[in-house]
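Ready for a few warm-up exercises? Grab a pencil, try each task yourself, and then read the solution step by step.

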Amino acid sequence: ASRRASRYAHPAYADGFALECRAIRRVRAEMGLANLHVMVPFCRREEEARRVLAAMAGHGLERGKDGLEIHLMCEIPNNVIRIDAFSALFDGFSIGSNDLTQLTLGVDRDSESVAFDFDECDPGMLEMLRLAVAGAKRNGRHVGICGEAPANHPDIARYLTRLGIDAISVNPSSLLRTIMVVQEAESELAMPSD
């Protein structure tokens with residue numbers, strides 16, 4: 001529950017959120033790292049997003065002010081289904097493939113009894129990825145992915161590249177392999193078709 005957006009605008013966490021916002025402001029303003037942007041996790045509904053954004057603005061972190069970008073972790077099926085509405089509120093998205101897979105398939109990857117059904121390559125999950133990337137692109141928003149899917153499955157990295165995803169984050173051990181897969185997919189896209 002600690003990573004959910006719902007706590008950011010909740011009175012019980014007001015002091016903690018104020019401290020988080022103060023730290024972000026300090027890094028951006030005092031330390032001069034204005035390229036630091038904010039990622040809002042596990043935000044279920046647009047109204048929840050509006051409350052979080054209002055709370056942030058109240059703490060001096062207003063979207064667009066001094067170049068501040070606020071992105072959404074796209075990790076809940078509702079984020080994908082309502083991506084046009086969320087695009088009006090956020091500057092970009094990072095698809096959280098682990099949580100999105102769990103919530104799309106209703107499977108807990110950490111549970112020994114059902115983890116075998118956790119499958120990022122499931123056709124429904126591939127469609128969720130397609131809808132997220134297409135929706136972000138349709139709205140002129142940056143879209144990337146974090147999570148294990150592109151690292152564990154080169155076909156997913158290839159698929160995302162063909163969809164036009166802007167960024168793929170992977171763990172260091174699979175970085176070189178993923179770079180090669182992405183380069184290969186980009187080369188295929190650049191080749192003229194017969």
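Helices (at least four residues) and strands (at least two) are DSSP runs, numbered from the N terminus. Keep in mind that this is a predicted model.

**Exercise 1. Find how many helices and strands the protein chain has, and in what order they run.**

Step 1: count the elements. The protein chain has 9 helices and 5 strands.

Step 2: walk along from the N terminus. The order is α-β-α-β-α-α-β-α-α-β-α-α-β-α.

Step 3: ask how compactly this chain is packed. Its radius of gyration is 18 Å, close to the 16 Å from the globule rule for 194 residues, so the protein chain is as compact as a globular protein of that length. The C-alpha trace spans about 55 × 45 × 30 Å along its principal axes.

**Exercise 2. Describe the inside and the surface of the protein chain.**

Step 1: start inside. Of the 194 residues, 38% count as buried.

Step 2: look at who touches whom. Take the contacts between residues at least 6 apart in sequence: 62% of them join residues at least 24 apart.

Step 3: move outside. The protein chain exposes about 10400 Å², and carbon and sulfur atoms supply 53% of that.

Step 4: tally the charges. You'll find 22 positive and 28 negative side chains, with the centres of the two sets 7 Å apart.

**Exercise 3. Work out where D66 sits and whether D66 is buried or exposed.**

Step 1: locate the residue. D66 is in the loop between helix 2 and strand 2 (70-74).

Step 2: check the backbone. Phi of D66 is near 55°, a positive value in a residue other than glycine.

Step 3: apply the cut-off, which puts exposed at over 50% relative accessible area. D66 has 64% relative accessibility, so D66 counts as exposed.

**Exercise 4. Now do the job again for F42: which loop holds it, and is it buried or exposed?**

Step 1: F42 lies in the loop between strand 1 (38-40) and helix 2 (46-58).

Step 2: phi of F42 is near 45°, which is positive in a residue other than glycine.

Step 3: buried means under 20%. With a relative accessibility of 6%, F42 therefore counts as buried.

**Exercise 5. Identify the buried residues of helix 8 and what covers them.**

Step 1: list them. In helix 8 (residues 154-163), the buried residues are I156, A157, R158, L160 and T161.

Step 2: find the cover. It includes helix 6 (123-138), strand 4 (142-146), helix 7 (149-152), strand 5 (167-168) and helix 9 (175-190).

Step 3: zoom in on R158. At 14% relative accessibility, R158 counts as buried. Setting aside neighbours within four places in sequence, R158 is in contact with V181, E184 and A185.

Step 4: look just past the end. Right after helix 8, G164 takes a positive phi of about 95°.

**Exercise 6. Explain why C146 and C74 are not bonded to each other.**

Step 1: recall the idea. A disulfide is a covalent bond between the sulfur atoms of two cysteines.

Step 2: search the whole structure. The search finds 0 disulfides. C74 is in none, and its nearest cysteine sulfur, that of C146, is 10 Å away.

Step 3: compare with the cut-off. A disulfide needs the sulfur atoms within 2.5 Å. The sulfur of C146 is 10 Å from the closest one, in C74, so that is too far for a bond.

Step 4: check the surroundings. C74 counts as buried at 0% relative accessibility, whereas C146, at 23%, counts as partly exposed.

Methods: Residues are numbered from 1 along each chain as its sequence is written. This is a predicted model: local features need pLDDT of at least 70, side-chain atom pairs count only at pLDDT 80 or more; totals for chains, interfaces and linings use all residues. Side-chain values use heavy atoms; hydrogens and water are left out. The radius of gyration is taken over C-alpha atoms; the globule rule is 2.2 Å times the number of residues to the power 0.38. Buried means under 20% relative accessible area, exposed over 50%, partly exposed in between (1.4 Å probe, protein chains only). Contact means heavy atoms within 4.5 Å. Accessible areas come from the Shrake-Rupley method with a 1.4 Å probe; for residues, only the protein chains shown count as cover. Lys and Arg count as positive and Asp and Glu as negative; His and the chain ends are not counted. The place of a charge is taken as NZ of Lys, CZ of Arg, CG of Asp or CD of Glu.
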